[in-house]
Amino acid sequence: MFISIEGPDGAGKTTQAKMLKDRLCACGLKVVLTREPGGTPVGEEIRKLLLDPRFAEIAVTCEALLYAAARAQLVSQLIRPSLQEGAFVICDRYVDSSIVYQGYAGGEDLETLRRINMWAVENLLPEVTLLLDVDAETGLRRLKESAGEGKASWQGDRVEQKNRHYHLLVREGFLHLASLERERYRIINAQESPAAVHEKIWAVIMEMLRRKQVPIPAGEE
Ligand SMILES: Nc1ncnc2c1ncn2[C@@H]1O[C@H](COP(=O)(O)OP(=O)(O)OP(=O)(O)O)[C@@H](O)[C@H]1O
Ligand SMILES: [Mg+2]
């Protein structure tokens, strides 16, 4: 099963991806957790380029292609092989982040971005995309607080420096994508505590396991 976790900056994607991985692992399932951009040696180098505040001049088109390049490597080197081995793959951001950040928020043509990315991933889309929805203020406040704790965050650098309007466009973009692909998307209200958000995610995943007739471990029904 291929699961992506999407949502605006500071929505809690990384937090929830780890909690979901731990719980699936505790059920004895094989889980691969990866993040975007990055997740492979080549992808991590591309990530450094993308997030370096010295490169404020990066054109949106260049940015879009770099994200797609890192993603292409991730799919071929890690995601596809892991799925073939029967693992659960949890991806912290995926194609939809590109459509939203470079498209809805960055102004690039949505259809072009979609085509480039679908080519990069050889049409591989997640079975379910969990959209962690929070308002821009909450997300940015969480990131600011976590920066105070000395935690690195990919939005805490070049991307986070963009203005508030941009963050509103990001949230609206994700919600619009979710409305277009109701089958794949589950919108999760992520304003609550990490534990409460996790329970909502777990309910979605349990429902999917049941539908796929994957044996559900005792105590989790
Ligand atoms: N539900 C929550 N309530 C309050 N704080 C939270 C919640 N979820 C996560 N946090 C905290 O908010 C900060 C950002 O969380 P996290 O890094 O998981 O978000 P993210 O969506 O991955 O952000 P980014 O878009 O920057 O990758 C962290 O310090 C985390 O501990
Ligand atoms: Mg994160």
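A residue is called buried here when its relative accessible area is under 20%, exposed when over 50%, and partly exposed in between, with a 1.4 Å probe and protein chains only. The model is predicted, so local features need pLDDT of at least 70 and side-chain atom pairs count only at pLDDT 80 or more, while totals for chains, interfaces and linings use all residues. Residues are numbered from 1 along each chain as its sequence is written, chains are lettered from A and ligands numbered from 1 in the order in which they are written, and side-chain values use heavy atoms, with hydrogens and water left out.

**Exercise 1. Glycine 38 and leucine 51**

Decide whether glycine 38 is buried or exposed, and list what it touches.

Solution. Start with its place: glycine 38 lies in the loop between E2 and helix H2 (41-51). Helices (H or I, at least four residues) and strands (E, at least two) are DSSP runs, numbered from the N terminus. Next, take the accessibility: glycine 38 has a relative accessible area of 1%, so it is buried. Then look for contacts, meaning heavy atoms within 4.5 Å. Not counting residues up to four places away in sequence, glycine 38 touches Gly43, Glu44, Ala70 and Leu74. As for leucine 74, it is 36 residues from glycine 38 along the chain, and their C-alpha atoms are separated by 7.4 Å.

Now repeat the reading for leucine 51. This residue belongs to helix H2, and its relative accessible area of 11% makes it buried. From leucine 51 to proline 37 there are 14 residues in sequence and 9.6 Å in space, C-alpha to C-alpha.

**Exercise 2. The sheet**

Work out the strand order of the open sheet and find which strands stand at its edges.

Solution. Two strands pair if DSSP finds at least two bridges between them. As a reminder, strands of a sheet pair through backbone hydrogen bonds, either parallel or antiparallel. Here, the five strands are ordered E2-E3-E1-E4-E5 and the pairing is parallel. Strand E2 (31-35) and strand E5 (185-189) stand at the edges; each has a single partner strand, so one side of each lacks a neighbour in the sheet. Direction ignored, neighbouring strands are turned by 20° against each other on average.

Move on to E1. Strand E1 (residues 2-6) runs parallel to strand E3 (residues 88-92), joined by four bridges, and isoleucine 3 has isoleucine 90 as its bridge partner in E3. With strand E4 (residues 128-133), E1 also pairs in the parallel sense over four bridges; here the partner of isoleucine 5 is leucine 130.

Finally, check the side chains of E1. In a regular strand the side chains alternate between the two faces of the sheet. Phe2, Ser4 and Glu6 point one way from E1, Ile3 and Ile5 point the other way, and all are buried. Because five of the five residues of E1 are buried, the strand is largely enclosed by the rest of the structure.

**Exercise 3. Helix H5 and its two partners**

Describe how H4 and H3 each pack on H5, giving distance, angle and contact residues.

Solution. The axes are lines fitted to C-alpha atoms, for helices over the stretch in contact, with angles from 0 to 180 degrees between N-to-C directions. Begin with helix H4 (residues 95-104) and helix H5 (residues 110-120): their axes come within 9 Å and cross at roughly 150°. H4 is therefore roughly antiparallel to H5; angles over 145 degrees earn that name, under 35 count as roughly parallel, 65 to 115 as roughly perpendicular and the rest as oblique. Val95, Ser98, Ile99, Gln102, Gly103 and Tyr104 of H4 make the contact with Leu110, Leu113, Arg114 and Asn117 of H5.

Turn to helix H3 (residues 60-84), whose axis comes within 8 Å of that of H5 and crosses it at roughly 25°. These two helices are therefore roughly parallel. Their contact brings Ala64, Leu65, Ala68, Arg71 and Ala72 in H3 against Leu113, Ile116, Asn117 and Ala120 in H5.

To finish, examine asparagine 117, part of helix H5. At 1% relative accessibility, asparagine 117 counts as buried. Leaving aside neighbours within four places in sequence, asparagine 117 is in contact with Ala68, Arg71, Val95 and Ser98.
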